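Got the viewer open? Switch to a cartoon view and keep the selection box handy.

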Amino acid sequence: MRHFAIVGSGPAGFYTAEALEKAYGEKARVDILDRYPVPYGLIRFGVAPDHQSLKAVSKRYDKVAESAGVDFIGNVTIGRDVSVAELLELYDAVILATGAPHDRKLGIPGEELAGVVGSAEFVGWYNGHPDFADLDPPLGSTHAAVVGNGNVALDCARILAKNHHEFEGSDIVGHALEALDQSAIRTITILGRRGPHQIAMTPKELGELGHLEAAVPVVDLADFPPVEADEPLEPGLRKSVTLLRGFADLPPDKPKRMVFDFFAKPLRIEGDGKAERIVVEKTELDEKGSARGTGETYEVPASLVITAIGYSTSPIPDVPFEGGKFVNEGGRIADRLYAVGWARRGPTGTIGTNRPDGYEVADQVAAAMPSGTAGDRAGAEGLKRLLQSRGVMPTDYDDWRKIEETETARARPGSPREKFVRPEEWLQAIGR
Ligand code: NAP
């Protein structure tokens, strides 16, 4: 019998578990560990609450967790409760699927001011991440800005732009919905340091903006190259740019505006003890397509500034780490130690990108220790003994189902669940 530990229960972790389960069947046991008592990582804490069709992928992960050879072991923090070296003693292979939960920083003056938050914090706040339940983003003024031209920037801007009724059917947490109901924000400026041809936003996500009840997207066609220049673009990007151009035809007859401000590079954030404005420099593209400052500056008012410029992985003691992710070659970090997903590649790609990624690493594991060859590691039994000796009480998949049932039972009408946002609430729900 082989024993495998996957650290992290988001998409990358679950696709890897699925692949290992397929490769080994009953000849291996796969444990998916998570620091929280609840699984699904990015799906629960990162995917926008009004994108329930994306969140539905967790049903597929349920199937994996329910298969005989796979277990969920929650409420265990690697690097604190148990080290990677100890896991390698207990398991034949350890696969790190810890994602990229930390915000990259802009590195400009004023970033430390109150009112400047990273997208991981803001997304975590409205998605019920326990670390960000108390974020209390300032929503009392009329202007907000989101820095970045990727899909996360769009998520943050859209959540600020929607009215109460548009969150029906979502699983946005109660504290965020109440705060957004009281929001005074009317202008959300989305700052891109480059132009419309350099956006990282996808058509489906951009298309939604044209149909919001209370907000209209605004573009300045002067920022766009001539329409013929769209022709050679990759089809997805061409569609996105066409959608953006189309925003110029929308009547500005809604109370909120989402203003796309291209070629605008943040220089500093200013204000009296809190963010009040961003000073940006107008840019142009250089020969390599990078943003080059023109020296012309202007101010964008914003009491809430959300930076959505990418993420980095959390380092784990004794695991080589560089450039915001674990040092690896094709997923292999060291003998019997692997990384998958954003912890392997950095924060790019869709949820589905993690599937081939997980399968590739599972193939490597299976090549190194073919199914049917014997292993003599203690696996979950040994891990649980060790955790018990340290006073750590893990949760299992049945515990998660109880938590989920309680969250579903207390949901507001039309919402799939009302998430618990404090670890003690999770544990109370399972009688601890
Ligand atoms: P992203 O797609 O990499 O976009 C990051 C953006 O930040 C880029 O526009 C980048 O501009 C900008 N940026 C980086 N450094 C900057 C700086 N110093 N100053 C100003 N701008 C800066 O990252 P993301 O939006 O965090 O998304 C992460 C991944 O998750 C992506 O693959 C995304 O598609 C995916 N995602 C998908 C969905 C969905 O499918 N619904 C939702 C959310 C996220 P440059 O291009 O100039 O570097």
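Here is a short tour of one sheet, its helix and two hairpins.

A word on the ground rules: this is a predicted model, where local features need pLDDT of at least 70 and side-chain atom pairs count only at pLDDT 80 or more, while totals for chains, interfaces and linings use all residues. Residues are numbered from 1 along each chain as its sequence is written, and side-chain values use heavy atoms, with hydrogens and water left out.

Start with the open, mixed sheet, whose six strands run in the order 3-2-1-4-19-18. (Strands are DSSP runs of E, at least two residues; helices are runs of H or I, at least four; both are numbered from the N terminus. Pairing takes at least two DSSP bridges between two strands.) Select 70-73 and 332-334 for the edges, strand 3 and strand 18, each pairing on one side only. From one strand to the next, the twist averages 25° (angles, from 0 to 180 degrees, are between N-to-C directions of axes fitted to C-alpha atoms, for helices over the stretch in contact).

Next, pick 28-33: strand 2 pairs with strand 3 in the parallel sense over four bridges. Find D31, and opposite it is D71 in strand 3.

Now add helix 1, residues 11-24, which packs on the sheet and touches strands 1, 2, 3 and 4 (contact is heavy atoms within 4.5 Å). Its direction makes about 165° with that of strand 1.

Then jump to 264-270 and 277-285, strands 11 and 12, antiparallel over six bridges. E270 has R277 as its bridge partner. In the turn of this hairpin, G273 has a positive phi of about 80°.

Last stop: residues 291-301, strand 13, antiparallel to strand 12 over eight bridges. L285 is bridged to A291, and this hairpin's turn holds G289, with a positive phi of about 85°.
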